[in-house]
Amino acid sequence: MKAALMEFAYLGAAILFIVGLKWMSAPSTARKGNILSSFGMLLAILITLFDQHILGFWGVFGGIVVGGALGAWAARAVKMTAMPQMVAILNGFGGLASLLVSAGEWDRLALPEFPFPTDVAISIYASTIIGAVTVTGSMVAAGKLQEIIRGRPVVFPGQHILNALLFVACLGMAGYLTHSGAHPYLFLALNLAALALGVLLVIPIGGADMPVVICLLNSYSGVAAATTGFIIHNHGLIITGALVGASGLVLTQIMCKAMNRSLANVLFGGFGATAVTGAAGTSAKGSVRPITPEDAGALLAYAESVVFVPGYGLAVAQAQHALRELADLLEQHSVKVCYGIHPVAGRMPGHMNVLLAEANVPYDKLLDMEVINPQLERTDVVVVVGANDVVNPAARNTPGSPIYGMPILDVDKARQIIFMKRSLNPGFAGIDNELFYNEKTSMLFGDAAKTLAALVTEVKQV
Amino acid sequence: MSETLVTLIVIFVLAMIVGVEVIKKVPTLLHTPLMSGSNAISGITIIGAMIVSGWGATKLAAALGFLAVAFAMFNVVGGYLVTDRMLQMFKKKDGGGAK
């Protein structure tokens, strides 16, 4: 009876998670959804904590207090620009927890020369491999995002063969352990091999592809949690882990679509290591037309409609607030202002929306690519700030360009384009942008924050 | 393969399908909070960690359990709080609040 009650409590928690995630689909209910989901977690934790089987209460309690306090501190301290790293680290910790659970359970069950029941063995080794890959993969991803590790793909000959061999070795060790019982050193070797695999899988992936990697690792961390559920036969864990696994997969797919690349291409392509050589020869170079802040300010103030297209460069320059100030001022001049957001603007899915929301931009002004594209033809001025590849018409017009086929914001269809940029350097993907040479384009060179401040001053004087 | 394992796999697959259906409807606008929020949910491993740690059969298992609980709790608390921090910034015009 008690066991049944526990199961129902876990089911209740799972329902709260599902409803919570559902509420995440609208900005007006998202916050409630998150809180609801946290109550689900609280319920699951409390019911487990007061279960009489828990003997080492103080150990568990200590872990909760220490982990909870550090987590709370990190959540307060992290900057919004660093959110991708934060999510990567959280993924990694989730994976690590799963890895530790399977190791602990392995140690509890291990008796020499006596194989585990096959079910348990399969679950434990699956959890070990997925958990370990999640841990080191996430740490490398976080390192690349924080730029502790070089963002450029690390590729070497025979890499894929090595990875494949390592993966087969993991499976082989897991199979042998399943078949012949507990060998501590072999189990340790399995752990180490899977940890190494996590590193090797992520180092060949370039910094620009990190959004995809984070989504995928998010999915892994969910699956790792679910495998833990398989080990201890807990339905709540399995349901919840599967939810997160599915969520990560959906986001991975969305990201791949937004970059027009297959998942295999992202994972094994080493994109960015070779792109630079493929980019030459396509550009129809002409002259660029620089514009002064005075002229640009007047152009904006007398426009009827202005669309801002922000990219990650805006966040790097910490210019979100300056941008919003300019937008507010333009609205006072009764200019219609909104923002066009590309799905991969920023360093993770939806990142740019968060960064602009932090600068108090109302979310109904943040328009997705599909919504803004049809409106661009009727837009007087598009201002591109810190974005490049996501507005490059080569994605539409130049077969053979590394970004060909990627959905872009069609800013070249607007009546006028102001391109704010530090210099004429190509963007992250290393591809020249023909938009610079378009006769409708004016280049406004300089640091984004300073230039936006200058524009504010100019518009005020109009 | 035992019957239990089959049941567990059935549950896993059905939950995946529910997950895909629910997540598909989330707009790009909310993808970052969605990720950190679902991330917090993946901290559900804490249940496994608590149970294994609580069983406390061996000292090593207990120590691993303690660490697992701590890391999972970091994931849970950090994930939920940072998601809430982001979501409270999403406002409609004139600071009406996202409530």
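1. Helices here are DSSP runs of H or I with at least four residues, strands are runs of E with at least two, and both are numbered from the N terminus. With that in hand, chain B is easy to read: its elements run α-α-α-α from the N terminus on, which comes to four helices and zero strands. Please keep in mind that this is a predicted model, in which local features need pLDDT of at least 70, side-chain atom pairs count only at pLDDT 80 or more, and totals for chains, interfaces and linings use all residues. Residues are numbered from 1 along each chain as its sequence is written, while chains are lettered from A and ligands numbered from 1 in the order in which they are written.

2. How much of chain B is buried? A residue is buried if 20 or more other C-beta atoms lie within 10 Å of its own, exposed if 12 or fewer, and partly exposed in between, with C-beta atoms placed from the backbone. Of the 99 residues in chain B, 63% are buried. Contacts tell a related story; two residues are in contact if their C-beta atoms, placed from the backbone, lie within 7 Å. Among the contacts in chain B with a separation of 6 or more, 56% join residues 24 or more positions apart.

3. Now look at where the two chains touch. Chain B gives 81 residues to the contact and chain A gives 95 residues. On the side of chain B, the elements that supply two or more residues are α1 (3-24), α2 (31-42), α3 (45-55) and α4. The largest share, 27 residues, comes from α4(B). For residue classes, Ala, Val, Leu, Ile, Met, Phe, Trp, Tyr, Cys and Pro count as nonpolar, Asp, Glu, Lys and Arg as charged, and the others, Gly among them, as polar. The side of chain B that touches chain A then has 50 nonpolar, 24 polar and seven charged residues.

4. One helix pair in this interface is α2(A) with α4 (residues 59-87) of chain B, packed at an angle of about 165° with axes 9 Å apart. Axes are lines fitted to C-alpha atoms, for helices over the stretch in contact, and angles run from 0 to 180 degrees between N-to-C directions. Angles under 35 degrees count as roughly parallel, over 145 as roughly antiparallel, 65 to 115 as roughly perpendicular and the rest as oblique. The two helices are therefore roughly antiparallel to each other. In this pair, A:Ala30, A:Arg31, A:Asn34, A:Ser38 and A:Met41 meet B:Val76, B:Tyr80, B:Thr83, B:Asp84 and B:Leu87. By class, the residues of this contact are five nonpolar, three polar and two charged.

5. A second pair across the chains points the other way: the axes of α4(A) and α2(B) come within 9 Å and cross at roughly 20°. That makes α4(A) roughly parallel to α2(B). Here A:Met83, A:Val87, A:Leu90, A:Asn91 and A:Gly94 meet B:Thr32, B:Met35, B:Ser36, B:Asn39 and B:Ser42. This contact has four nonpolar, six polar and no charged residues.

6. Within chain A, α1 (residues 2-23) and α2 (residues 27-49) pack at about 165°, with axes 7 Å apart. They are therefore roughly antiparallel to each other. Their contact has 16 nonpolar, seven polar and two charged residues.

7. Which domains does chain A have? An automatic or database domain assignment sets the bounds, and chain A is given domain 1 (1-56), domain 2 (78-268) and domain 3 (286-461). The centres of domain 2 and domain 3 of chain A, taken over C-alpha atoms, are 38 Å apart. Their contact takes 17 residues from domain 2 and 15 residues from domain 3. On the side of domain 2, α4 (83-109), α8 (210-232) and α9 (235-258) of chain A each supply at least two residues. That side divides into 15 nonpolar, two polar and no charged residues.

8. Finally, a few loop residues of chain A deserve a look. Most residues other than glycine have a negative phi. A:His233 has a positive phi of about 55° although it is not a glycine; this residue sits in the loop between α8 and α9 of chain A. A:Ser334 also is not a glycine and has a positive phi of about 50°, and its loop lies between α14 (320-332) and β2 (336-341) of chain A. Is A:Ser334 buried or exposed? A:Ser334 is exposed, with 7 other C-beta atoms within 10 Å. A:Asn388, in the loop between β4 (381-385) and α17 (394-397) of chain A, is buried, with 22 other C-beta atoms within 10 Å.
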